[in-house]
Amino acid sequence: MATFYTFQQAQHKIEHYCAYQERCHEEVVTKLRSMRLESHEIDQLIVYLIEQNFLNEARFACSFARGKHRIKHWGKIRITNELKTRHINNTLITIALKEISAEEYSETFNALAERNWQSITEKNALKKRKKFCDYMLRRGFESNLVYEKVKELEHGNADDADFL
């Protein structure tokens, strides 16, 4: 059974919801709709949350980009696509991606690539290459980086074989 909230109850609940973790406008609107509020009340609460700094799309986008890169090891393409699905504008996405330093991005990419390459037990070189590329592209890394890295890793293994 759906619970109905008074405006004051909804305001208190949504303040807590926004204070707990950074939220985008879309998440907050969805939550307010689930509370069965009228559209004019939702608009009023959104304005209030922005004025009181509970809701800030730029802060959300930056936090999202940093977190997804550091914790889930996502590349810039995946982060961009995820932010777009949350209706974050391109200017904020660009600002958010600047939160990830080039050194940090490169270190994460290389560490993830090496770990994944070592974990693939496929004997067929073409299948191994495909599995590696698919994985890295799914993570949202740029195709030129992935293809350069796979060549480097393949040649690295050929060098190792010469020493055996």
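**View 1. The third three-helical stretch, residues 103–148, is rich in helix.** In this predicted model, residues 103–148 are 80% helix and 0% strand. The C-alpha atoms at the two ends of that span sit 17 Å apart. The label comes from UniProt, where an unreviewed entry calls residues 103–148 "domain: RecX third three-helical".

**View 2. Another annotated stretch, residues 56–97, is shown here.** UniProt, again in an unreviewed entry, names residues 56–97 "domain: RecX second three-helical". Helix makes up 76% of this span and strand 0%. From end to end, the C-alpha atoms of residues 56–97 are 16 Å apart.

**View 3. Step back for a moment and look at the whole chain, with its nine helices and zero strands.** Read from the N terminus, the elements go α-α-α-α-α-α-α-α-α. Is the protein more spread out than a compact globule, or the opposite? The globule rule gives 15 Å for 164 residues, but the radius of gyration here is 22 Å, well over that value, so the protein is more spread out than a compact globule. Along the principal axes, the C-alpha trace spans about 75 × 35 × 20 Å. Of the 164 residues, 35% are buried. If you take the contacts with a separation of 6 or more, 60% of them join residues 24 or more positions apart.

**View 4. The domain assignment cuts the chain into domain 1 (7–55), domain 2 (58–99) and domain 3 (102–160).** How far apart are the centres of domain 1 and domain 3? Taken over C-alpha atoms, those centres are separated by 43 Å.

**View 5. Phe60 and Phe64 pair up inside helix H4.** The structure holds five aromatic pairs, and one of them is Phe60 with Phe64. Their ring centres are 5.7 Å apart and the planes make an angle of 35°, which puts the pair in the tilted class. Where do the two residues sit along the chain? Both belong to helix H4 (residues 57–70), four residues apart, and that spacing is about one turn of the helix. Are they buried or exposed? Phe60 is buried, and Phe64 is buried too. Trp74 joins in as well: ring pairs tie Phe60, Phe64 and Trp74 into a cluster.

**View 6. Two charged side chains sit over aromatic rings, Arg23 over Tyr17 and Lys128 over Trp117.** Arg23 lies over the face of Tyr17, 3.7 Å from the ring centre. In the other spot, Lys128 lies over the face of Trp117, with 4.5 Å to the ring centre.

**View 7. Asn53 and His87 have a positive phi.** Most residues other than glycine have a negative phi. For Asn53, phi is near 65°, and for His87 it is near 60°. Which loops hold them? Asn53 is in the loop between helix H3 (39–51) and H4, while His87 is in the loop between helix H5 (76–85) and helix H6 (90–97). Asn53 has 44% relative accessibility, so it counts as partly exposed. His87 has 58%, so it counts as exposed.

**View 8. Glu122 meets a set of lysines.** Find Glu122 in the loop between helix H7 (102–119) and helix H8 (125–138). Its relative accessibility is 24%, and it therefore counts as partly exposed. Which residues does Glu122 touch, leaving out those up to four places away in sequence? They are Lys127, Lys128 and Lys131. You have already met Lys128, lying over the face of Trp117.

**View 9. Glu99 sits in the loop between H6 and H7.** With 32% relative accessibility, Glu99 counts as partly exposed. Leaving out residues up to four places away in sequence, Glu99 touches Cys62, Arg66 and Arg70. Now look across to Asp134, which is 35 residues away from Glu99 along the chain. The C-alpha atoms of Glu99 and Asp134 are separated by 26 Å.

Conventions. Residues are numbered from 1 along each chain as its sequence is written. This is a predicted model: local features need pLDDT of at least 70, side-chain atom pairs count only at pLDDT 80 or more; totals for chains, interfaces and linings use all residues. Side-chain values use heavy atoms; hydrogens and water are left out. UniProt positions are given in the numbering used here, feature names are shortened, and annotations may be inferred rather than shown by experiment. Domain bounds come from an automatic or database domain assignment. Rings of Phe, Tyr and Trp (its six-membered ring) pair if their centres lie within 6.5 Å; planes under 30 degrees apart count as stacked, over 60 as edge-to-face and the rest as tilted. Buried means under 20% relative accessible area, exposed over 50%, partly exposed in between (1.4 Å probe, protein chains only). A charge sits over a ring if NZ of Lys or CZ of Arg is within 6 Å of the ring centre and within 35 degrees of the ring normal. The radius of gyration is taken over C-alpha atoms; the globule rule is 2.2 Å times the number of residues to the power 0.38. Contact means heavy atoms within 4.5 Å.
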